[in-house]
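User: I should like to go through the strand pairing and the nonpolar packing of this model. Please reason through each point briefly.

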Amino acid sequence: MELEVGPVAHGGWCVARHEGRVVFVRHALPGERVIAEVTEETTRFLRADAVQILEPSPDRVTPPCPYAGPGKCGGCDWQHASVEAQRALKADVVAEQLRRLAGITREVLVEEVPGAKDGLGWRTRVQFAADRDGRLGFRRHRSHDIEPVDACLIAHPEIEAVGVESRTWQGSSGVEVIASSAGDHAVVIAPKPRRSVAVPSLDAPASILVNQGKGRTEPRHGSGMLHERVGDREFQVTGSGFWQVHPGAAETLLDAVLSYAAPEPGEWALDLYCGVGLFAAGLAEAVGPSGAVFGVESEAAAVRDARLNLRDLPWAQVERGRVEDALDRFEIERADLVVVDPPRSGLGREVVERVASLEAARVVYVSCDPATLARDLQWFGELGYGLADLRAFDAFPMTHHVECVALLVS
């Protein structure tokens with residue numbers, strides 16, 4: 001079908017219409033006229049790929065990666081747009097989600113994160129899928145089919161230095177490769193059920209771990225401990241535990257969080273979904289021994305890492321638990337400031353209400369999904385917390401993902 005492409009939508013799509021039906025189009029840009037091929041049909045809308053560009057946008061570029069395009073790798077959404085245009089598209093998405101879901105009208109600027117020249121070579125943690133022959137690649141968009149690759153252009157050079165794509169991984173369903181800022185490498189293998197994986201020789205030294213499921217890994221070779229540096233502080237991360245994948249994101253987000261939180265000596269701060277303690281460390285250094293920081297994290301390995309990472313800051317305490325019940329279990333009734341960094345699903349109403357009950361002067365919300373952020377901001381607004389400021393960061397170039405840091409005040 002021939003389409004006039006309209007505005008950008010959340011998720012790497014643009015919106016068009018055909019015979020009164022909404023069509024979500026990939027591989028297109030606003031203002032273009034395209035020939036699109038339908039890939040999925042529902043009773044309410046169509047999904048389609050732009051397979052021929054009749055009238056291109058001035059923001060269109062040739063995708064740098066040969067695996068980007070209709071029917072190919074589903075990892076990147078915007079390789080056909082200039083980096084500047086990608087940030088403008090993401091800004092439009094954040095602004096639209098805030099307006100539609102939270103009733104907040106706000107101009108948004110998506111800022112560059114240092115360390116990703118031309119939007120390439122930034123991803124320090126890459127999960128490859130393995131096909132039935134043990135070749136590595138990435139899943140095609142909204143598909144279980146795998147596009148084999150011999151290199152990934154958004155992967156950090158230290159990922160490519162390991163050389164996993166040129167090997168065969170029989171018996172594996174996937175392989176994750178990690179390159180830390182301190183120079184550590186790790187390869188995490190996900191074996192197929194009741195299968196063993198013969199590990200081939202690699203091009204760079206790396207710890208080898210086996211994914212045991214539910215976030216647990218077992219070292220087969222090496223310690224499986226990775227080290228990340230942010231400023232003068234080093235953080236330990238066990239195996240494939242959570243850490244920002246962009247090499248400049250951890251420091252950029254820490255600076256943004258501390259700027260909004262404005263912690264003062266003697267204050268009582270909470271760090272919810274605290275991971276291995278990145279924000280907790282910054283908060284603890286600021287509030288000093290006359291203050292206190294209490295972190296909550298559900299992953300056992302991350303809690304162990306956080307306690308190690310904060311061992312020189314004894315007034316910072318991290319406990320394991322779900323935020324939904326941990327605040328009640330540990331009888332947390334107040335705080336001067338709260339930092340939250342939830343998963344993509346956001347906080348949810350129950351946690352929003354519990355955080356609001358703490359009557360903190362400042363709540364800093366770190367979000368990787370503008371839709372769930374906007375939903376939660378609407379609920380915070382009903383409870384007396386308004387959006388005072390917001391910054392957005394291009395921590396995932398070439399993809400539709402964007403990181404936001406929001407300041408809420410009562």
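**Strand pairing and core packing**

Analyst: In this predicted model, strands β11 and β12 (residues 185-191) are paired in the antiparallel sense over seven bridges.

User: Which residue of β12 does Gly 174 stand opposite?

Analyst: Gly 174 also has a partner in another strand: β8 (residues 125-130) is joined to β11 by five bridges and runs antiparallel to it, with Ala 129 and Gly 174 as bridge partners. In β12, the residue opposite Gly 174 is Ala 190.

User: In the hairpin of β11 and β12, which residue takes a positive phi?

Analyst: Five residues lie between the two strands of this hairpin. The one with a positive phi, near 95°, is Gly 183.

User: How many of the eight residues of β11 are buried?

Analyst: Strand β11 spans residues 172-179 and is mostly covered. Buried here means under 20% relative accessible area. The number of buried residues is seven.

User: Which helix gives the most to the largest nonpolar core?

Analyst: The largest nonpolar core has 72 residues, and Val 187 and Val 405 have the most contacts inside it. Eight of its residues come from the helix that gives the most, residues 249-261, which is α3.

User: Which strands stand at the edges of the open six-stranded sheet?

Analyst: The strand order is β1-β5-β6-β4-β3-β2, with mixed pairing. β2 is joined by two bridges to the antiparallel β3 (residues 13-18), where Trp 13 is the bridge partner of Ala 9. Each edge strand has a single partner, so one side of each is left without a neighbour in the sheet. The edge strands are β1 (2-4) and β2 (8-9).

How values were computed: Residues numbered from 1 in each chain as written. Predicted model: local features only at pLDDT ≥ 70, side-chain atom pairs only at ≥ 80, totals over all residues. Heavy atoms only, no water. Core = buried A, V, L, I, M, F, W, Y, C linked by side-chain atoms within 4.5 Å. Buried < 20%, exposed > 50% of the residue type's maximum accessible area, 1.4 Å probe, protein only. Helix = DSSP H or I, 4+ residues; strand = E, 2+ residues; numbered from the N terminus. Pairing = 2+ DSSP bridges.
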